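Subject: Structure handover

Hello,

Please find the structure below, with notes on what turned up in it. The notes take strand pairing before charged side chains.

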Amino acid sequence: MKKKLGIIILIISIIMIGIGIYFIAQDKTYIVKFVGIETEITQEVSKGNYVRRPEDPTKEGYEFLGWYNKEVLFNFNTKITEDIVLEAKWQESNLQDTYTVTFDTDGGSSIDPVMVAKGNLLQKPVDPTKEGFIFDKWYIDNVEYDFNKEVTSDITLKATWKKQDGNSFVVTFNSDGGSKINSQTVEKDGMVNKPANPTKQGYTFVSWQLDGKDYDFSTKVTQNITLKAVWKKVDTFTVTFNSDGGSTVKSQSVEKNKTATKPANPTKAGKIFVSWQLNGKDYDFSTKVTQNITLKAVWRNPNSYTVTFDTDGGSSITSKTVSEGKTISKPADPTKEGFIFVSWQLNGKDYNFSSSITSNITLKAVWREDTSSGN
């Protein structure tokens, strides 16, 4: 009897320990730190709960862009399951030339405020979502907002909603850090219109998925769903430009099997740019990039060219020797008895003296008869 009683007590103890471990796990809290501000903020958040968004910080001469987690704008509708650090990101600005647009979602998913330069247009944000409702429009002062209207002051846009009646559903697109895609309202048993593929720097779009599986856009919609973008990281290579003592040319990051963009020609005192070369050969900018490369500028000494002035019987003008790529000053107008000088022409067209010289040229004087002393 005593042995049985001991076994029962042991089993009860194990159960109690398990229950204790379970509740300890459920009570686990995580630390969320807000950094990049004058005084750091720390919040303790229970597992599976949401962090409270603090009041937007201010910094003289800067615009607050939002709270970022590992270079990604943080969504405050995300449940906390680990310790995280949220960093304030800033952008230099002239506050007199920018305005703040705030979004009142009326209980829907939050949208961060944006700064708009004076006189620019506001880009329509992705539609917010709200349980049991379908997003309708953005309003300002009870009037639908016109996104083709220039922003000239701080404004707040308010979301309006339609009660979901069971005959239509909302399909939301989570682009996972890519370009934003608007949600769609789909009639019951209707189908989602597949949107244009989103874009994401350094990634190639793969597919939209629902519950971890590629979504079939011929599927009838019978409930609210969220489709998530799947991405594949692309290999990128660096194309470096060695200007060999010339002006600096910025390097380019190029996706694998894409082409580099030919930059504007660099400059170098006393030299003429010839080409960009790779391994001693002129580089073809239609070539697909498959590795890191360095292109080197090739230069040559400038040629000298002669500009001759044909005065067509007028007073003579001494020819000029000009270094390639330079310009010449317009000489004093020649004179010719009984005529008035009109202009210098090259190939029948008035010559522009701001043009660079790239060959030997002859400028010809054009005259008109002087009738002011005639009878």
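Strands E23 and E24 are antiparallel and are joined by two bridges, with E24 covering residues 349-350. Please keep in mind that this is a predicted model.

Strand pairing

The E23 and E24 pair makes a hairpin, and two residues sit between the strands. Asn347, in that turn, has a positive phi of about 55°. Within the pairing, Asp350 of E24 stands opposite Gln345.

E23 also pairs with strand E25, which spans residues 361-369. Here there are six bridges, and the two strands again run antiparallel. Phe339 has Glu369 in E25 as its bridge partner.

Salt bridges

How many salt bridges does the structure hold? The number is eight. Three of the pairs are described here, beginning with Arg300 and Glu324.

The side chains of Arg300 and Glu324 meet at 2.6 Å, N to O. Arg300 belongs to strand E20 (residues 293-300), while Glu324 is in the loop between strand E22 (320-323) and strand E23 (339-346), so this salt bridge ties together parts 24 residues apart in sequence. That loop leads into the strand E23 discussed above.

Is each partner of this pair buried or exposed? Glu324 has a relative accessible area of 11% and is buried, because the cut-off for that class is under 20%. Arg300, at 31% relative accessibility, counts as partly exposed.

A second salt bridge links Asp56 and Arg53, with 3.2 Å from N to O. Both side chains fall in the partly exposed class: the relative accessible area is 29% for Asp56 and 31% for Arg53. This pair does not stand alone, since a network of salt bridges links Arg53, Asp56 and Asp112.

A third salt bridge is formed by Glu87 and Lys89. The closest N and O atoms of that pair are 3.9 Å apart, which is within the 4 Å cut-off for a salt bridge. Glu87 counts as partly exposed, at 34% relative accessibility.

For checking against your own viewer, these are the pairs and their N to O distances:

- Arg300 and Glu324: 2.6 Å
- Asp56 and Arg53: 3.2 Å
- Glu87 and Lys89: 3.9 Å

Regards

How values were computed: Residues are numbered from 1 along each chain as its sequence is written. This is a predicted model: local features need pLDDT of at least 70, side-chain atom pairs count only at pLDDT 80 or more; totals for chains, interfaces and linings use all residues. Side-chain values use heavy atoms; hydrogens and water are left out. Buried means under 20% relative accessible area, exposed over 50%, partly exposed in between (1.4 Å probe, protein chains only). Helices (H or I, at least four residues) and strands (E, at least two) are DSSP runs, numbered from the N terminus. Two strands pair if DSSP finds at least two bridges between them.
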